[in-house]
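Colleague: I should be grateful for a close look at a single part of this structure. Please set that part in the context of its whole chain, in terms suited to a first-year student.

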Amino acid sequence: MVGLTKIRHKSGNWIKFESLISVKSINFDKNLKTGNMKIPAELKYTEDHEWIRVEGDSAIVGITDFAQGELGDVVFVEIETEGEELDKGETFGTVEAVKTVSDLFMPVDGVVSEVNEALADEPELVNKDPYGKGWMIKIKISDQSELENLLSAEDYKRMIEA
Amino acid sequence: MKLTALNEVHKKAGAKMVEFAGYEMPVEYSGIKDEHFTVRDKVGVFDVSHMGEFWVKGPQALELVKKISSNDPTILRPGQAQYTCFPNGKGGIVDDFLVYFFEPEKYLMVVNAANIEKDWEWVNSQNDCGAELENVSDSISQLAVQGPNALSTLQKLTDVNLNEIRFYSFVVGKMAGLDDIIISATGYTGAGGFELYCKNEDTVKLWTAVFDAGEEFGIKPVGLGARDTLRLEMGYCLYGNDIDDTTSPIEAGLGWITKFNNDRRFIDRDFLMMQKTEGISRRLRGFVMLERGIPRQGYELVDSSGLVIGKVTSGTQSPVLGKGIGMGYVAREYSAFGTGIFVKIRNKTIPAEIVKLPFI
């Protein structure tokens with residue numbers, strides 16, 4: 001994902017504030033409305049709160065409904081890795097909300113084959129339609145076997161509720 | 001973690017809560033942008049009960065305030081408030097605050113939540129003249145009702161003629177059937193409106209009454225997230241970001257609250273006078289991004305050759321301008337309005353321009 005836990009800023013009053021928007025510190029009992037949150041069963045997920053829709057040897061990647069809710073209003077999605085071959089866990093882009101910056105990580109090894117150009121003018125699509133028009137990149141998967149390490153919808157739900 | 005009197009109200013309203021200055025506070029409800037525009041266009045309400053309040057009373061009250069405040073309290077008339085700061089004796093700032101003049105021998109200082117303990121110790125350490133001090137931070141709540149419809153909203157709840165309360169003035173009166181509400185024509189948004197101080201036990205009733213009165217205007221609760229974007233669009237300093245113990249009020253552009261008149265002896269007077277007359281080597285300035293990119297606290301400011309000329313102290317995407325805006329201290333030769341500078345954002349160097357504040 002979205003390294004909700006990898007917020008970049010340091011020092012000052014807002015640090016504390018910003019770092020507290022990270023997933024780990026959210027008080028789930030009080031803040032998380034799991035009932036309203038969408039976790040489509042047909043998708044795969046990562047611990048970094050990204051979803052992956054596998055289509056043959058390609059996949060579409062975006063961030064989850066939970067992630068967009070935690071980030072708040074997305075105002076800028078910067079992805080400049082089109083055409084690059086990246087390893088799993090490498091940063092393929094950055095998503096900026098009003099108060100936070102988060103890196104976007106490759107869910108599996110692959111080539112970034114396409115970037116969602118619509119996000120340049122309408123970054124708010126990530127909030128409005130995280131699993132649809134708010135998709136971020138398409139990738140060409142290098143090694144299909146890595147898909148087995150991704151989380152199922154059930155696993156992901158359990159992870160964020162834990 | 002401390003809770004304000006409205007904690008349950010915020011959670012019921014679906015607020016995202018975070019720890020801020022030791023308090024569990026709402027950071028956003030409907031979304032920062034929505035809340036931001038609610039305040040700019042209509043009316044929004046902030047729970048800012050975490051702020052600190054100190055009474056300064058007795059025959060020596062003015063003597064103490066005169067000594068510790070950068071602004072000149074002797075010019076205040078009863079019912080007036082003033083923005084000011086505590087110089088720290090080393091050329092920096094202990095905190096910025098508001099001082100309210102109720103009557104001779106009675107002042108109220110309103111300080112930042114994160115600095116309550118530090119300020120309380122500081123004020124006491126400077127009180128050799130013997131003013132009576134009382135820290136009432138834990139028993140007073142504060143609501144900021146801000147936006148163009150704030151006056152129409154609150155006027156329904158009080159017989160006090162709110163139109164007659166001039167900017168940076170206040171009245172103590174009845175509101176929503178509650179006695180002794182401090183109704184202050186101040187704020188941290190640039191959108192106009194009032195800040196209301198009440199007793200903790202009256203807070204929920206006041207909040208509820210304000211929301212009922214503002215319903216026709218589309219009133220909404222506003223969190224700390226939009227509080228930051230609203231103040232930054234106005235170029236207002238945030239303690240801990242833009243000003244701190246190492247920045248002088250002159251460098252921060254707070255010369256207008258640093259008054260040398262009436263021969264007033266105050267902490268750091270000579271040093272600040274020297275900075276004012278001899279000049280400073282760096283200056284807090286606002287800048288607007290000329291290309292896509294959002295400046296964030298800590299990012300480096302550089303010149304065209306990549307030389308570091310300062311750092312971002314506050315930055316965000318301005319909801320109104322739809323552009324990145326920020327503030328930071330820059331070397332004097334880069335402080336002229338219109339000067340081109342660059343912000344290092346991740347692996348890129350994005351052009352920006354020094355502009356006059358406010359941004360909007």
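The answer below begins with one annotated residue and then widens to its chain.

Modeller: The model is predicted, and the account starts with B:Glu195. The unreviewed UniProt entry includes this residue under the annotation "binding site". In the chain, B:Glu195 lies in strand 13 of chain B, which runs over residues 193-199. Is B:Glu195 buried or exposed? Its relative accessibility is 6%, which is under the 20% limit, so the residue counts as buried. Leaving aside residues up to four places away in sequence, the contacts of B:Glu195 include B:Leu98 and B:Tyr100. B:Gln142, B:Leu143, B:Ala144 and B:Gln146 are also among the residues that B:Glu195 touches. Further along the sequence, B:Ile182, B:Ile183, B:Ser184, B:Thr186 and B:Gly187 are in contact with B:Glu195 as well.

A second buried position is B:Ser70, in the loop of chain B between helix 3 (61-68) and strand 6 (80-87). Because the relative accessibility of B:Ser70 is 0%, this residue counts as buried. The side chain of B:Ser70 reaches the backbone oxygen of B:Ile257, at a distance of 2.7 Å. With residues up to four places away again set aside, B:Ser70 touches B:Thr84, B:Cys85 and B:Pro87, among others. Its contacts also include B:Ile257, B:Thr258, B:Lys259, B:Arg264 and B:Phe266.

B:Cys85, one of those contacts of B:Ser70, leads to the cysteines. How many disulfides does a search of the whole structure find? The search finds 0 over all chains. B:Cys129 is accordingly in no disulfide, and the nearest cysteine sulfur, in B:Cys85, is 18 Å away. B:Cys129 has a relative accessibility of 25% and therefore counts as partly exposed. For B:Cys237, the closest cysteine sulfur is also that of B:Cys85, at 9.6 Å, which is too far for a bond. With a relative accessibility of 7%, B:Cys237 counts as buried.

Helix 7 of chain B, at residues 224-233, shows burial along a whole element. Since 10 of its 10 residues are buried, helix 7 is largely enclosed by the rest of the structure. Charged and non-charged names alike can be read from the list, which includes B:Leu224, B:Ala226, B:Arg227, B:Asp228, B:Arg231 and B:Glu233. After helix 7 comes B:Gly235, with a positive phi near 75°.

It remains to describe the chain that holds these parts. Chain B contains 8 helices and 20 strands. Its radius of gyration is 21 Å, close to the 21 Å that the globule rule gives for 360 residues, so chain B is as compact as a globular protein of that length. The C-alpha trace spans about 65 × 50 × 40 Å along its principal axes. Of the 360 residues of chain B, 62% count as buried. Among contacts with a separation of 6 or more, 65% join residues 24 or more positions apart. The accessible surface of chain B is about 13,900 Å², and carbon and sulfur atoms account for 49% of this area.

Finally, UniProt, in an unreviewed entry, places the feature "domain: Aminomethyltransferase C-terminal" at residues 282-359 of chain B. That stretch is 0% helix and 58% strand, and its end C-alpha atoms lie 20 Å apart.

Definitions and conventions: Residues numbered from 1 in each chain as written. Chains lettered and ligands numbered in written order. Predicted model: local features only at pLDDT ≥ 70, side-chain atom pairs only at ≥ 80, totals over all residues. Heavy atoms only, no water. UniProt positions renumbered as here; feature names shortened; annotations may be inferred. Helix = DSSP H or I, 4+ residues; strand = E, 2+ residues; numbered from the N terminus. Buried < 20%, exposed > 50% of the residue type's maximum accessible area, 1.4 Å probe, protein only. Contact = heavy atoms within 4.5 Å. Disulfide = S-S within 2.5 Å. Polar contact = N/O pair within 3.5 Å; in protein donor to acceptor, adjacent residues only side chain to side chain. Rg over C-alpha atoms; globule rule 2.2 N^0.38 Å. Areas by Shrake-Rupley, 256 points an atom, 1.4 Å probe, with all protein chains shown as cover.
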